[in-house]
Amino acid sequence: MGRLEGQRAFLTAAGAGIGRATAIAMAKAGAHVIATDIQASSLEDLKDHGIAETKRLDVRDALAVNAIARDLDAIDILFNGAGFVHAGTILETSEKDWDFSFDLNVASMHRTISAFLPGMIDGPGGAIINVASVAGMKGIVNRYAYGATKAAVIGLTKSVAADFVGKGIRCNAICPGTVDTPSLGERISEQAQASSQTTDAVRAAFVGRQPMGRLGTADEVAAMAVYLATDDAQFITGAALPIDGGMTI
């Protein structure tokens, strides 16, 4: 039997990157995975990887989040992976940028946890796993709004963990460093165009800030998420766990 056999896992932003890798890893571990993403087309081939269900979901839509939670059976694992990396200092961050970043990166987790937590409490409990960032643990240059949102995710995680530790709920945050995902590739291309650098030069700069001298992989982050969902992590809650190649040393 797999480490997550008999568990029902609900994931957001499962169409690409860390979310996709986590959905596949949890399915391989035996979980019944419900994978969601705002881009329905990104989910089309996931059933080839053992994913039980795929659904389109805009996590910024509270009505849609509540409806999908109401229509599903209770879940055991909630993985919150939706997010956006805004680049810029405070002087380059508009009210619109700030509001969008907090709505997608933080309020979306408030919505999903609020919707699914009652069912988890009524059942045998469960694990909530939020994707934060190393940017929520230390200052990262040019990541003002992003860092603020990810610090908020860590605070949200600890609050949920403290409030429901006695009800069988564990809530933890994963804090990745720079991970080689399609999203990073898009940011590298955008930064290269804006700065008249080559994409290789920009990528090298991202690698250069990693003490290990390489980028992380989505599969490495997914492995941590699977661990946090298993009984092996029963004594871990309220933690902000870095997986960052040494950035927070």
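**Exercise 1.** Determine whether Ser-196 is buried or exposed, and describe its backbone.

*Solution.* Step 1: the relative accessible area of Ser-196 is 71%. Step 2: the classes are buried (under 20% relative accessible area), exposed (over 50%) and partly exposed (in between), computed with a 1.4 Å probe on protein chains only. Ser-196 is therefore exposed. Step 3: Ser-196 lies in the loop between helix H5 (182-195) and helix H6 (199-208); helices (H or I, at least four residues) and strands (E, at least two) are DSSP runs, numbered from the N terminus. Step 4: although Ser-196 is not a glycine, its phi is positive, about 60°.

The model is predicted: local features need pLDDT of at least 70, side-chain atom pairs count only at pLDDT 80 or more, and totals for chains, interfaces and linings use all residues. Residues are numbered from 1 along each chain as its sequence is written, and side-chain values use heavy atoms, with hydrogens and water left out.

**Exercise 2.** Carry out the classification for Asn-142.

*Solution.* Step 1: Asn-142 has 32% relative accessibility, so it counts as partly exposed. Step 2: its place is the loop between strand E5 (126-131) and helix H4 (144-164). Step 3: the phi of Asn-142 is near 70°, which is positive in a residue other than glycine.

**Exercise 3.** Check the length of helix H1 (residues 17-28) against its expected span, and state how far H1 is covered.

*Solution.* Step 1: the expected span of a helix is 1.5 Å times one less than its number of residues. Step 2: for the 12 residues of H1 this gives 16 Å, and the end C-alpha atoms are 17 Å apart, which agrees. Step 3: 10 of the 12 residues of H1 are buried, and the helix is mostly covered. Among these buried residues are Arg-20, Ile-24 and Met-26. Step 4: Gly-17, also in H1, counts as buried because its relative accessibility is 15%. The C-alpha atoms of Gly-17 and Val-179 are 162 residues apart along the chain and separated by 8.7 Å. Step 5: after H1 comes Gly-30, with a positive phi near 105°.

**Exercise 4.** Describe how strand E2 (residues 32-37) is placed and paired.

*Solution.* Step 1: 5 of the 6 residues of E2 are buried, so the strand is largely enclosed by the rest of the structure. Step 2: two strands pair if DSSP finds at least two bridges between them. E2 pairs with strand E1 (residues 8-11) in the parallel sense over 4 bridges, and Arg-8 stands opposite His-32 in E2. Step 3: E2 is also joined by 4 bridges to strand E3 (residues 53-56), again running parallel. Here Thr-36 stands opposite Lys-55 in E3. Step 4: E1, H1 and E2 form a right-handed β-α-β unit. Right-handed means that, with the strands pointing away from the viewer, the path from the first strand over the helix to the second runs clockwise.

**Exercise 5.** Locate Cys-171, state whether it is buried or exposed, and relate it to Gly-245.

*Solution.* Step 1: Cys-171 belongs to strand E6 (residues 169-176). Step 2: its relative accessible area is 0%, so Cys-171 is buried. Step 3: Cys-171 and Gly-245 are 74 residues apart in sequence, and their C-alpha atoms are 23 Å apart in space.
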